[in-house]
Amino acid sequence: MTRSRRPPFTRTLVTLGIVGVVALSAWAGWRVAETVSRRRAEAARRAAEAAAVEAARPSFTARLEPSSTPDQGAYLVLLVESTSGRVITGVEAVVFGGKLPAYQLTRQVAADVTGGTPGRPVGQPAGVEIRQVYYSSLAIGSARKPGDYAITLRVTDSRGIEKTESLPFTVKQKKFEVQRLTVTGQNAALASDDKAWAYDRDQVNAAKASSVAKPLWDGDFIRPLDGDISTEFGQIRFVNGVETGRHSGLDIEAPMGAVVHATNAGVVVFTGPLKISGNTVIIDHGLGYFSSYNHLSKITVKTGDGVKKGQDIGRVGSTGFSTSAHLHWTMTVSLTAVSPWLFVGRQPPPPIPDLLIIK
Ligand SMILES: [Zn+2]
């Protein structure tokens, strides 16, 4: 048996010393562990809070341009944009008892590592972020009753969360003149030929059934030709005492054979004779905007052609329901006529450089 050479007293001191060191380090370890676990709990609480804030953050913003008080015969643009890091999977906009077509575009914004306001970053930009933009255009018909309306917007995101929002707008009254026309012979027969009106409407509506899902126009729209305006947009027209509705476009007086220019770039979606509108060209400018040129004596483009702004598309004539050489020029948003004056020297909002198309 081996015995320690140390006396019992020294052994006790050493033992106490070891016990003290062990206890001290255990206490210190406990303190460290406690601090770590408290910090972890705090971090977890903060993360849970941040997650709750993040979960509650809206997936989109919605706005109306250029204002929410359009005139009769004007149009509104609805822009629904995803917020930072969110993906919109569905947009449904309902107004005037129908769904608005929504075209999906994208927009580039400067991304920011320091967590600035989406779209308005603070600090140094760290590359770019792509936002989804759903673009819808809403025509206010010239005969739409003035008053308060709303677009009901339903947006679904990639988390399956659906949110409904109401976007109110007010249609303001615009004064339209009354025009009384007296016509005879072929024109009188056409004016009351319901089948002829229905034929034209069907052909035109089919041509405008869909629009290219990106802006095809090139800067501001232009007048298709110079000349006095003989009938303004929206005039309430009586032909031989019978109301035939609102004048859908501008009648521009011009000599027979004058060159008609495309109001802007686009794709020709219809060329041909119509019964009331005569020889007609319809151009799709994208995102639901169409221009149409009626009563032509000659058509110089064909369906499917891409046209540039100002391109020669035909000649002034007096075909169809027409009493003299003139151009009837219509601008429509989908199928509804809006004032062409809202396009001359302008283009639909927002500025196109803001919209980057990747599709
Ligand atoms: Zn006309």
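Phenylalanine 9 sits in helix H1, which covers residues 8–56. This is a predicted model, so everything below describes computed coordinates. With a relative accessibility of 61%, Phe9 counts as exposed, since the bar for that label is over 50%. Phe9 also has nonpolar company: together with Leu13 and Leu16 it makes a surface patch of about 360 Å².

Staying with helix H1, let's turn to charge. Arginine 46 pairs with glutamate 42 in a salt bridge, and their closest N and O atoms are 3.3 Å apart. The two residues are 4 positions apart in helix H1, so about one helical turn separates them. Arg46 is exposed, at 52% relative accessible area, while Glu42 comes out as partly exposed at 29%.

Two further pairs are worth a look. Glutamate 162 and arginine 154 meet through their side chains in a salt bridge, with 4.0 Å from N to O. Here Glu162 is the exposed partner, at 52% relative accessibility, and Arg154 is partly exposed at 34%. Arginine 159 and aspartate 157 form the other bridge, at 2.7 Å from N to O. Arg159 is partly exposed, with a relative accessible area of 36%. Is Asp157 buried or exposed? Aspartate 157 is buried, because its relative accessible area is 3% and the limit for that label is under 20%. Back in the region of Arg46, salt bridges with shared partners link Glu42, Arg45, Arg46 and Glu49 into one network.

Here are the three pairs side by side; a search of the whole structure finds 17 salt bridges.

| Pair | N to O distance | Relative accessible area |
|---|---|---|
| Arg46 and Glu42 | 3.3 Å | Arg46 52%, Glu42 29% |
| Glu162 and Arg154 | 4.0 Å | Glu162 52%, Arg154 34% |
| Arg159 and Asp157 | 2.7 Å | Arg159 36%, Asp157 3% |

Now for the overall layout. The domain assignment splits the protein into domain 1 (8–54), domain 2 (60–173) and domain 3 (178–342). Taken over C-alpha atoms, the centres of domain 1 and domain 2 are separated by 54 Å.

Next, the metal. Which residues coordinate the zinc ion? The donors are His247 through NE2, Asp251 through two OD entries, and His328 through ND1, at 2.0 to 2.7 Å. Around the zinc ion, the 4 donor atoms subtend angles of 53 to 148°, and that makes the arrangement irregular. To pass as tetrahedral, four donors would need all angles between 85 and 135 degrees. For reference, the ideal angle for four tetrahedral donors is 109.5 degrees. If you're setting this site beside the sequence, the spacing of the donor residues reads H-x3-D-x76-H. Asp251 belongs to strand E13 (residues 250–253) and His328 to strand E21 (residues 326–333), so this pair ties together parts that lie 77 residues apart in sequence. Both Asp251 and His328 are buried.

That leaves some backbone details to check. There is a cis peptide bond between glutamate 65 and proline 66, with omega at about -5°. Pro66 lies in the loop between strand E1 (60–65) and strand E2 (75–82). A cis bond also runs from proline 349 to proline 350, and its omega is near -5°. Pro350 is in the segment that comes after strand E22 (336–338).

Positive phi values turn up as well. Phenylalanine 96 isn't a glycine, yet its phi is positive, at about 50°. Where does Phe96 lie? Phe96 is in the loop between strand E3 (88–95) and strand E4 (98–99), and it counts as partly exposed at 27% relative accessibility. Histidine 295 has a phi near 65°, again a positive value in a residue other than glycine. His295 is part of strand E17 (residues 289–296). With a relative accessible area of 6%, His295 is buried.

Notes
Residues numbered from 1 in each chain as written. Predicted model: local features only at pLDDT ≥ 70, side-chain atom pairs only at ≥ 80, totals over all residues. Heavy atoms only, no water. Donors = N, O, S within 2.8 Å, 3.2 Å for Na, K, Ca; no water. Tetrahedral: all angles 85-135°; square planar, octahedral: opposite > 155°, others 65-115°. Buried < 20%, exposed > 50% of the residue type's maximum accessible area, 1.4 Å probe, protein only. Domains from an automatic or database assignment. Patch = residues over 30% accessible without salt bridge, like charges linked within 9 Å, V, L, I, M, F, W, Y side chains within 5 Å. Areas by Shrake-Rupley, 256 points an atom, 1.4 Å probe, with all protein chains shown as cover.
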